[in-house]
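Let's walk through this model together, starting with a salt bridge and then moving to the ligand.

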Amino acid sequence: MTESRPAVDMEKLVSLCRRRGFIFPSSEIYGGLSSCWDYGPLGVELKRNIKQAWWRAVVQQRDDMVGLDASILMHPQVWQASGHVEGFSDPLVECKSCHKRWRSDELEGDKCPDCGGELTEPKLFNLMFKTFIGPVEDEASVVYLRPETAQGMFVNFENVVNTTRKRLPFGIAQIGKSFRNEVTTGNFIFRCREFEQMEIEFFVKPGTDKQWFDYWVEERLNWYVSLGIRKENLKLRQHTKEELAHYARECYDINYLYPMGWAEMEGIANRGDFDLVQHAKFSGKGLSYYDEETKEHIVPYIIEPSAGVDRTALAVLCDAYDEDVADGEPRVLLHLHPSIAPIKVAVLPLSRKETLAPLSKEVYAELRQQWMTSFDEAQSIGRRYRRQDEIGTPFCVTIDFQSLEDKQVTIRERDSLRQIRVPIEGLRATLQAKLDGEDLFVLPEGGKIWKGGETQ
Ligand code: GAP
C-alpha cells in the first residue's frame with residue numbers, strides 16, 4: 001500500500017483556489033468574514049458536480065431513497081426535541097488578560113496559549129445562530145438557523161411515508177445549508193460557520209440496524225473512492241463510548257488526510273429510535289410505522305450517513321493537487337476525476353488567425369450544449385494547456401490549420417499528455433466515452449494516435 005501523506009500544503013491550495021477562482025473569502029472587499037467563504041466560477045461548478053454525484057448515487061440510482069428540500073428555519077420546538085437547545089454547545093474559557101476565547105476541551109494547559117494569562121471557568125456556549133421571525137424581537141419569536149439538515153427529514157417522516165408509500169427499509173436524502181457559530185475555526189473551508197451538508201436518514205426495522213449500519217459505512221467509503229480520492233488517504237474511525245453523541249448507539253467517521261492531518265469528512269451514526277421518539281413526544285403526533293407483516297406499529301431505527309460538501313470539496317482538491325514537468329516545463333495540475341472537474345473540455349484554436357475562428361467557434365458551441373466548456377485563444381498553446389491543467393480540465397481540443405482541410409481535431413489528455421486526432425463529426429460521442437473512462441487510445445473510426453504535427 002502507498003504511504004499516506006497529505007498531497008499538498010494548505011497555503012498552496014488556498015493560493016490556487018483564489019488565483020483561479022475556486023474559492024474567495026466572503027465579503028473580501030470589506031476584509032472578509034471569519035470562516036465564511038464564497039465559491040467562485042470554478043468552485044461553484046466543482047461543488048455542483050459533487051452534489052450531483054452524491055444525489056445520483058444515493059437517490060437517482062436507488063429505489064429505496066427519496067429526496068427532500070426542507071426549509072432552513074424550523075419550528076423552535078424542533079431544536080428542543082433534538083437536544084440542540086440543551087446540549088449543542090462547546091465549553092468556552094476566556095483569557096482574563098487578552099480576552100481571547102478558547103474551547104477548554106481543546107486546550108492543553110490551564111493558561112492562555114497566546115499570552116499565558118489566567119483563564120476563566122468554562123462556560124457553555126450554544127453553537128446555534130439565533131434570529132427572530134416576524135416584526136417583534138422577543139423570546140417568543142426566536143428561531144434558529146438549522147445546524148444540520150437532518151431534523152427536516154425526521155419531522156417529514158410521516159409526510160414521506162404517506163405520499164410515497166415507501167416501505168421499510170427506505171431513506172430520505174437532503175442537501176442544504178447548515179449554520180454553526182463555531183468557536184474553533186480555520187483550516188480554510190474545513191470548518192465554516194455556514195456550510196453545506198449532504199445527509200441521508202435511512203429508516204430500518206429495529207434488529208436490522210447493525211446490518212444496515214455496516215452496509216452504509218462501506219457504501220459511503222466506496223463513494224469517495226469513486227470520486228477519485230486515493231484509498232490510502234481515507235480512514236474509518238470508530239467513536240468510543242465516551243465520545244458518542246447523545247443520540248448515537250454507534251458511530252464511524254470517514255476521515256481524510258487533510259494538510260493539517262486526519263480529520264472527519266463524514267459521520268455515519270446509528271441513531272436508534274431517538275429522533276422519532278423525541279419528535280413524537282414534543283409534537284404529540286404518533287410517529288410510528290405500521291408493519292404489514294407483523295401487523296404492529298413500530299418506531300423505525302435510523303442510520304444516518306452525514307457528509308459535508310465543503311469538506312468533500314477540500315478533500316478532492318487536496319487529493320488532486322500535483323506538480324510535475326510537462327514538455328520540459330514545470331506545471332501545477334489537478335487530477336480531478338472527470339465527473340467532478342469544473343470544466344470538462346477546453347477548446348483551443350492553435351492560432352488567433354481569423355481563418356480558424358469560425359470552425360473553432362462552431363466546435364465550442366457544439367460542445368457547450370453538453371458540458372461546461374471553456375474557450376481560450378490567448379497566448380501560446382503551451383501556456384493555455386498549463387492553464388487548463390491547473391484547474392483540472394480533463395481534455396483539451398485543439399483546432400489547427402489542418403482541421404480546416406481534414407475536418408479533424410486533436411484531443412489532449414491532461415494526466416498522460418497523450419494526444420489523438422479524431423473527426424469533428426462524432427466528437428461529442430468520442431469525448432463522452434473518454435470522460436466515462438475509455439482509454440484515450442481506443443480510437444473512433446477515422447481517428448489516429450497523434451505524436452506531433454502542427455499542435456506540438
Ligand atoms: N446530522 C448529524 C451531523 O450533523 P456532524 O458530524 O455534526 O453530524 C456532519 O456533521 C458533517 O457535516 C461533518 O462530517 C462535516 O463534513 C460537515 N460539517 C459539520 N460541521 C461543519 C463545519 N463547521 N464546517 C464544514 N463542514 C461541517
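Glutamate 250 and lysine 210 form a salt bridge, with their closest N and O atoms 3.2 Å apart; the term stands for a side-chain nitrogen of Lys or Arg within 4 Å of a carboxyl oxygen of Asp or Glu. This pair links distant parts of the chain, 40 residues apart: glutamate 250 lies in strand β12 (residues 250-258) and lysine 210 in helix α7 (residues 209-226). Helices (H or I, at least four residues) and strands (E, at least two) are DSSP runs, numbered from the N terminus. In total, the structure holds 38 salt bridges.

Before going on, please keep in mind that this is a predicted model, where local features need pLDDT of at least 70, side-chain atom pairs count only at pLDDT 80 or more, and totals for chains, interfaces and linings use all residues. Residues are numbered from 1 along each chain as its sequence is written, and side-chain values use heavy atoms, with hydrogens and water left out.

Now to the ligand. It is surrounded by 20 residues, counted when one of their heavy atoms lies within 4 Å of it; the closest are Glu148, Arg180, Glu199, Glu264 and Met265. Strand β13 gives the largest share of this shell, five residues. By type, the shell divides into six nonpolar residues (Ala, Val, Leu, Ile, Met, Phe, Trp, Tyr, Cys and Pro), four polar and 10 charged (Asp, Glu, Lys and Arg); the others, Gly among them, count as polar.

A nitrogen atom of the ligand is 2.6 Å from an N or O atom in the side chain of glutamate 148, and the side chain of glutamate 199 likewise has an N or O atom 2.6 Å from a ligand nitrogen.

Key: A polar contact is a pair of N or O atoms within 3.5 Å; within protein, one must be able to donate a hydrogen and the other to accept it, and residues adjacent in sequence count only if both atoms are side-chain atoms.
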